[in-house]
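The exercises below are meant to be worked through with the model open, and each task is followed by a solution that goes step by step.

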Amino acid sequence: MKIRIYPGDDDGVDSVCRELKSGKVVALPTETVYGLAADALRENSCRKIFDIKMRPLVDPLIVHFHSTSQLSKIAIVPEVLGRVGEEFWPGPLTVVLKKKRAVPDLVTAGRQSVAVRMPALGLARMVLEKSGLLLAAPSANPFGYVSPTRADHVVESLGDKIGSVLDGGECEIGLESTILDLTDPEKPAILRLGPIGEKELEDALGQRVALKVTSQNQGKNCEGLLAPGTLSKHYSPRVNLTLHSAGEMETIRLPYGIQGHANVYFQRPRHNRAAQPDTFWLSEGGDTKEAARNLFELLRNLDRRGYRTVNLEKAPPGGLGDAINDRLLRAAAKS
């Protein structure tokens, strides 16, 4: 079966909506990464997501919605959600809430909570609105591999395992959403770092937000995870990564011109290092938004080129840099 690539126009959206309503799984863009979408309230459709991705059932799915009336059908909505929703939705924020019976246990890894998000990208919202569905949509790639930020990444990773992808071009942000736990509204906590930071959430909520970003080992934890993206090894290319702190690679002796090895800087290196063979960088001038947008494409490119080992410089800490470094630490983990 050859994968169909639908253009990001009204006809493409209509075609994707028909497939989703018939129970199929399709890949579609959001502002963060491309998602592998299915009707969130149809268990058989969601099971196809797990099968296609080879995703463990302990890893829950995020449910995407386009209206508060949709949200109230699947989750218990605390009053405090209004403050963050008004500030950050539509946008790259996922919130974990107590769920209602309508959501299949398969979607929530057996937990009595559900992760929800209102995406900002126009194409994703068009699909949600035209289909009238709530959509479960984890990243459209094999489980544990680098997330896709373009339609061709989906084709490259999943090939004929899915029937179609809606092409929305390159994702604007390139990193997965921040995940905020509001199952206890009195104790909000960040479960996954992302484009929306701790201070922004604290300002919106008017209270302290705890950081509960974890690194769990899949083999040692049979209980369903509270949120996706919390396993110790994730977002991982095939190449072996050695990470360096921000600025370190400009000051140490690095190997150049060694077959199968590359060096990746956070920003374009100074002096003559940029001209060295097998040298790459995430941002021309050290902009974290640009680096985040380029991260997953660069990791995929290293795999395409057949590198075996890579020295890679982390982002400067703080803000979006922390989210980039979270992905890098998981990408470089051995298990």
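Contact here means heavy atoms within 4.5 Å. The model used in these exercises is predicted.

**Exercise 1.** Determine which residues of helix H6 meet which residues of helix H8, and describe how the two helices cross.

Solution. Begin with the contact itself, where His 153, Glu 156 and Ser 157 of H6 meet Glu 297, Arg 300 and Arg 304 of H8. Sorted by class, the contact of H6 with H8 has no nonpolar, 2 polar and 4 charged residues. Next take the geometry: the axes of H6, which spans residues 151-158, and H8, which spans residues 288-304, come within 12 Å and cross at roughly 45°. Since angles from 35 to 65 degrees fall in the oblique class, H6 is therefore oblique to H8. The last step is the handedness, and H6 passes H8 in a left-handed crossing.

**Exercise 2.** Find the angle at which the axes of helices H1 and H5 cross, and list the residues that make their contact.

Solution. The axes of H1 (residues 10-21) and H5 (residues 122-131) come within 9 Å, and they cross at roughly 50°. H1 and H5 are therefore oblique to each other, and their crossing is right-handed. On the side of H1, the contact is made by Asp 10, Val 13, Asp 14, Val 16, Cys 17, Leu 20 and Lys 21, while H5 contributes Leu 123, Met 126, Val 127, Lys 130 and Ser 131. Divided by class, this contact of H1 with H5 has 7 nonpolar, 1 polar and 4 charged residues.

**Exercise 3.** Work out how helices H4 and H7 cross, and which residues bring them into contact.

Solution. The axes of H4 and of H7, the latter being residues 198-205, come within 8 Å and cross at roughly 125°. That angle makes H4 oblique to H7, and H4 passes H7 in a right-handed crossing. In the contact, Arg 83, Val 84, Glu 87 and Phe 88 of H4 meet Glu 200, Leu 201, Ala 204 and Leu 205 of H7. By class, the contact of H4 with H7 has 5 nonpolar, no polar and 3 charged residues.

**Exercise 4.** Describe the largest pocket and the largest cavity, giving the space in each and the classes of the residues that line them.

Solution. Take the pocket to start with: about 270 Å³ of space lies in the largest pocket. Its lining is made up of Phe 88, Pro 92, Glu 172, Ile 173, Pro 195, Ile 196, Glu 200, Lys 289, Arg 293 and Leu 320, and these residues divide into 6 nonpolar, no polar and 4 charged. Phe 88 and Glu 200 of this lining also take part in the contact between H4 and H7.

Turning to cavities, the structure holds 3 of 30 Å³ or more, and about 280 Å³ of space lies in the largest cavity. Of the 28 residues that line the largest cavity, the closest to its centre are Ala 137, Pro 138, Ser 139, Glu 176 and Arg 192. The classes in this lining are 11 nonpolar, 12 polar and 5 charged residues.

**Exercise 5.** Examine the backbone at Pro 90 and at Ala 109, and say where each residue lies.

Solution. As background, most residues other than glycine have a negative phi, and most peptide bonds are trans. The peptide bond from Trp 89 to Pro 90 is cis, with omega near -5°, and Pro 90 lies in the loop between helix H4 (81-88) and strand E5 (93-98). For Ala 109, phi is near 55°, which is a positive value in a residue other than glycine. Ala 109 is found in the loop between E5 and strand E6 (113-117).

Notes:
Residues are numbered from 1 along each chain as its sequence is written. This is a predicted model: local features need pLDDT of at least 70, side-chain atom pairs count only at pLDDT 80 or more; totals for chains, interfaces and linings use all residues. Side-chain values use heavy atoms; hydrogens and water are left out. On a 1 Å grid over the protein atoms alone, a cavity is a set of points where a 1.4 Å probe fits but cannot get out, and a pocket is an open set with protein on both sides within 12 Å along at least five of seven lines; lining residues have an atom within 4 Å of a point. Grid points are joined across faces, edges and corners, and a volume is the space filled by probe spheres set on the points. Ala, Val, Leu, Ile, Met, Phe, Trp, Tyr, Cys and Pro count as nonpolar, Asp, Glu, Lys and Arg as charged, and the others, Gly among them, as polar. Axes are lines fitted to C-alpha atoms, for helices over the stretch in contact, and angles run from 0 to 180 degrees between N-to-C directions. Helices (H or I, at least four residues) and strands (E, at least two) are DSSP runs, numbered from the N terminus. Angles under 35 degrees count as roughly parallel, over 145 as roughly antiparallel, 65 to 115 as roughly perpendicular and the rest as oblique. A crossing is left-handed if the near helix is turned anticlockwise from the far one by less than a right angle, and right-handed if clockwise.
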